[in-house]
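The following exercises concern the architecture of a two-chain protein model. Each task is followed by a solution that proceeds step by step.

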Amino acid sequence: MLHPFDFPGGIYPPERKDRSTLSPLRRAPLPSQVILPLCQHSGRPATPCVARGDHVRVGSLIAKRDGLISADVHATVSGTVGHVDSDAIHIDSDGQDTRQYLPPLDWRTTDAPTLLMRLDESGVVGLGGAGFPTHIKARVIEWHAIDTLVINAAECEPYITADDLTLRNYPNDVLEGAQLIAALCGAQQIIIGIEDNKPEAIAALEHTLPDSQPARVTLAVIPTRYPSGSERQLIKKLLNRTVPSQGLPADVGVLCHNPGTLLAALYAVRDGQPLVERMVTLTGEAITQPGNYWVRLGTSIETLLSHAGLDNARLSRVILGGPMMGTSLETLNTPVKKTTNCLIAATPDELPPAPVESPCIRCGACESVCPAQLLPQQLHWYARAQDDDKLTSHHLFDCIECGACSYVCPSHIPLVDDYRDAKRRLRYQQIEAAKAEHAKHRFEFRQARLAREEAEKQARRQARLAHNKPTDGNASNESTSAPPADLRSLRIAQTAAKAAVRKAEKVLARAAQQEPQQPHEDLETLLATAQENLKAADFQLAQARESAKAPTAEDTP
Amino acid sequence: MSMFHASQVSASSAKSTTPATASLMRWVVIATLPGVLAMTYYFGLGVLSNIALATIMGALLEAGMLRLRNRPIAPALTDTSALLTGVLLGASLPPASPWWLIGVGMIAAVVIAKQLYGGLGHNPFNPAMAGYALLLVSFPTYMTLWAPPQPLISDTLWAQILGTLPTSQLDALSGATPLDAFKHKAEGLSAEQFWLSAPLPEQTLAAWYSISLAWLAGGVLLLFKRIISWHIPIALLGSLVALATLFHLLDPNCFASPLFHLLTGAALFGAFFIATDPVSAATSQRGKLLYGMGIGVLIIVIRNLGGYPDAVAFAVLLMNLCVPLIDLYTVPRPQGHSKGAPGALR
């Protein structure tokens with residue numbers, strides 16, 4: 001076991017995990033209809049590629065990713081596509097559950113680009129909550145040197161036990177998935193960070209640990225304390241590395257994954273199974289059969305909860321996620337998404353409504369529990385006063401929104417809500433300020449697209465001419481006039497365009513990982529422009545090569 | 001949005017954290033009991049009459065001000081902060097102070113220092129100490145009339161409270177506090193000679209020692225219940241003892257011993273009950289240490305070099321003034337920020 005390095009602050013809320021860990025893992029019944037939202041991940045929504053009436057099978061691609069930060073969506077039942085709109089695709093199940101999986105791959109013998117493509121076309125995203133596309137995260141090696149893969153199994157939020165049950169039931173597969181990701185990102189060691197309140201998962205891991213190859217796997221059992229499952233806090237605790245502000249774990253050589261994601265990645269590669277189901281914790285006093293369930297994505301939450309024995313008379317509200325960071329659902333008529341990890345059907349006694357807020361007495365309880373070492377009460381004053389300069393200088397954007405401050409506040413002030421509002425306001429201002437810039441970038445993209453289309457047309461014409469060459473000598477004479485120096489400068493241009501694409505990808509991937517919940521339209525536009533430029537350079541180069549070849553072709557006969 | 005709140009779930013939580021604001025205030029009131037009882041034992045019912053009058057007036061003034069400000073009255077009264085201000089000011093005044101003196105003090109505390117600044121949580125100055133300081137500079141005669149230890153019910157209790165006792169008789173009643181006596185001892189008298197001359201009525205020193213220890217007991221209760229953090233009291237008492245020792249070593253005849261400073265004035269009362277008022281104190285932990293140290297230093301400086309025998313109120317108010325500055329300079333470095341990176345100070 002590693003020596004645990006501490007992070008500041010933290011709280012000890014009641015865990016209430018027993019309700020969902022006492023019963024074994026179950027499979028929710030096949031839904032008769034699924035609603036698959038086009039945006040179940042961070043970034044842009046996917047673009048539908050099916051139409052009403054199409055027949056699909058489990059695993060059929062129904063929406064294609066749009067842009068870099070986006071993810072494919074697959075059918076999760078077999079049947080007929082119903083309504084397709086800008087938000088979601090409805091599928092009526094035929095009850096056959098026939099599959100359309102991708103061919104299985106052995107990750108140990110397959111090259112990295114193929115594996116990355118597989119993760120991409122399987123629609124795997126981070127299942128811990130942010131839903132960041134896994135294939136982008138796996139490409140980190142192009143931008144950063146990674147030495148450690150951390151399996152974030154801390155699961156510090158009360159109630160949630162999906163990772164616990166995943167590890168209890170599939171310790172081998174999770175480790176295999178971790179080895180796969182470690183191999184892709186070049187990590188030499190794997191550390192499993194797990195809180196000491198999960199003895200069964202720890203036992204299961206200890207049993208399987210020695211057989212895991214090739215990266216060295218270490219199990220680090222850490223004391224239970226909220227929010228040790230927060231990425232930054234966990235990395236500090238396990239490795240004593242501090243992720244810089246506005247930075248990524250990759251900046252300190254670390255990649256973090258949740259066990260469920262690793263499992264999904266392995267299934268995508270080994271079994272060719274796209275992300276069509278996930279484990280969801282169903283818990284709360286208002287359901288009679290709490291536990292963890294394998295659930296097809298797109299299943300209605302209402303159906304799911306009534307299957308688990310929802311008692312509507314006792315229900316006060318359903319919470320999506322954990323009680324610290326989750327949100328109250330407005331309606332139960334909403335589907336399970338890739339990021340749905342936990343549903344709490346709470347009774348009024350269990351999670352009472354928030355008490356009436358009273359004035360801040362500056363007691364400082366919030367400061368002593370803040371894991372990011374901020375001054376929550378100062379931020380509270382500045383947020384209410386909309387003092388944006390002070391908010392920024394007091395590091396509002398370093399807040400991880402863990403809710404520890406709200407939890408201990410004796411005046412019951414919903415501090416995190418204030419911070420979220422303030423962040424939203426500040427971001428909106430930034431977006432407004434960048435609008436002119438974005439318009440310029442969109443214009444540049446259009447120019448690049450037109451140039452690419454022109455180059456494409458030219459290349460096609462050239463190819464046609466080359467094809468008809470024997471009958472038309474003049475045309476080939478014309479093309480021989482292209483000097484070889486031109487070819488070299490085109491090659492240089494193409495390399496530069498490639499580098500530009502890589503840079504745009506890096507910038508976008510970075511921004512999207514830092515703020516997975518935010519749109520990054522401008523960066524997507526910049527990337528698309530770079531891609532158009534690259535395509536144009538490709539065509540021009542191909543065209544020049546064609547014409548350079550032409551004289552030799554003429555000489556040979 | 002956090003659905004969990006410590007005060008709602010703490011019953012089931014193994015390690016409970018801070019209780020709600022009203023309960024915080026109530027605990028502070030409870031913790032004043034040992035000190036208040038010890039004072040009553042030595043100085044008579046005049047102590048309780050002070051507190052009773054101050055709390056009743058505090059509640060009325062608070063309600064009246066909230067009404068004028070069009071704010072809900074019930075929640076503000078149930079948070080018991082006005083009650084606490086009354087107890088603290090009542091315990092600071094000379095026993096059996098006249099009602100109007102208490103009234104003026106409470107108006108300064110609740111109306112001016114607290115409500116006019118925006119009510120609970122917005123007052124830059126400690127309300128009780130603002131009231132006390134105003135009375136001390138405005139009515140020095142009444143404020144320095146600290147009678148020697150006396151029976152529970154003195155003959156003149158009612159006359160004193162009603163303010164009908166003529167000033168000439170008041171003087172006869174009054175004695176000096178130990179700090180006062182030592183400060184105004186005849187020049188050239190050595191400390192040893194001073195104490196041999198029996199400068200104070202019987203039991204006076206014992207009374208002040210016991211009362212200070214009773215305040216300490218209440219303070220320990222607050223620390224133990226985690227109502228207050230250790231930073232301010234420890235920093236305050238530590239710097240007070242350190243500076244008092246330094247002065248005492250320089251000239252033991254002129255400057256009293258650190259133990260004398262610690263036990264005969266309002267030092268312990270101030271350290272645990274006044275300086276720890278979270279609203280008017282510094283916020284970060286480093287800031288609290290600085291704030292506490294500042295008060296300790298100021299108490300000794302004023303006592304030894306200034307014109308007042310005790311100085312808790314002025315020291316606290318002066319440091320209240322420094323709080324915005326302390327807060328500005330003690331913003332902690334958040335995780336992930338490197339040393340020397342631009343912070344709150346830009």
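**Exercise 1. Compare the radius of gyration of chain A with the value for a compact globule.**

Solution. The model is a predicted one. A compact globule of 557 residues would have a radius of gyration near 24 Å. Chain A has 27 Å, which agrees with that value. As a further description of extent, the C-alpha atoms of chain A fill a box of roughly 90 × 60 × 50 Å along the principal axes. The secondary structure of chain A comprises 18 helices and 17 strands.

**Exercise 2. Determine the composition of chain B in helices and strands, and assess its radius of gyration.**

Solution. Chain B contains 19 helices and 0 strands. Its radius of gyration is 21 Å, and the globule rule gives 20 Å for 346 residues; the two values are close, so chain B is as compact as a globular protein of that length. Along the principal axes, the C-alpha atoms of chain B fill a box of roughly 65 × 50 × 40 Å.

**Exercise 3. Identify the edge strands of the open sheet E2-E8-E7-E4 of chain A.**

Solution. The order E2-E8-E7-E4 describes an open sheet of 4 strands with antiparallel pairing. Strand E2 (33–37) and strand E4 (55–56) of chain A each have a single partner strand, so one side of each lacks a neighbour in the sheet and both stand at the edges. The pairing of E2(A) with strand E8 (residues 88–93) of chain A is antiparallel and runs over 5 bridges. Within this pairing, Gln33(A) has Asp92(A) of E8(A) as its bridge partner.

**Exercise 4. Describe the open sheet E11-E10-E9-E12 of chain A and the helix that packs on it.**

Solution. The 4 strands of this open sheet are ordered E11-E10-E9-E12 and pair in parallel. Strand E11 (216–222) and strand E12 (254–257) of chain A are the edge strands, each pairing on one side only. On average, and with direction ignored, neighbouring strands are turned by 25 degrees against each other. Strand E9 (residues 148–153) and strand E10 (residues 189–195) of chain A are joined in the parallel sense over 6 bridges, and Val150(A) stands opposite Ile191(A) in E10(A). Helix H6 (residues 199–208) of chain A packs on the sheet and touches E9, E10 and E11 of chain A. The direction of H6 makes about 160 degrees with that of E11(A).

**Exercise 5. Classify the packing of helices H7 and H8 of chain B.**

Solution. Two packed helices are described by the angle and the distance between their axes. The axes of H7 (residues 99–114) and H8 (residues 127–138) of chain B come within 8 Å and cross at roughly 130 degrees. An angle over 145 degrees would count as roughly antiparallel, and 65 to 115 as roughly perpendicular; H7(B) and H8(B) are therefore oblique to each other. The crossing of H7(B) past H8(B) is right-handed. Residues in the contact include Leu101(B), Val104(B) and Ala108(B) of H7(B), together with Tyr132(B), Leu134(B) and Leu135(B) of H8(B). By class, this contact has 13 nonpolar, 2 polar and 1 charged residues.

**Exercise 6. Characterise the side of chain B that touches chain A.**

Solution. In this interface, 36 residues of chain B are in contact with 51 residues of chain A. Helix H1 (6–9) and helix H2 (21–31) of chain B each supply at least two residues to that side of chain B. H1(B) gives the most, with 3 residues. By class, the side of chain B that touches chain A has 17 nonpolar, 15 polar and 4 charged residues.

Conventions. Residues numbered from 1 in each chain as written. Chains lettered and ligands numbered in written order. Predicted model: local features only at pLDDT ≥ 70, side-chain atom pairs only at ≥ 80, totals over all residues. Axes fitted to C-alpha atoms, helices over the stretch in contact; angles between N-to-C directions. Parallel < 35°, antiparallel > 145°, perpendicular 65-115°, else oblique. Left-handed = near helix turned anticlockwise from the far one by under 90°. Contact = placed C-beta atoms within 7 Å. Nonpolar A, V, L, I, M, F, W, Y, C, P; charged D, E, K, R; others polar. Pairing = 2+ DSSP bridges. Rg over C-alpha atoms; globule rule 2.2 N^0.38 Å.
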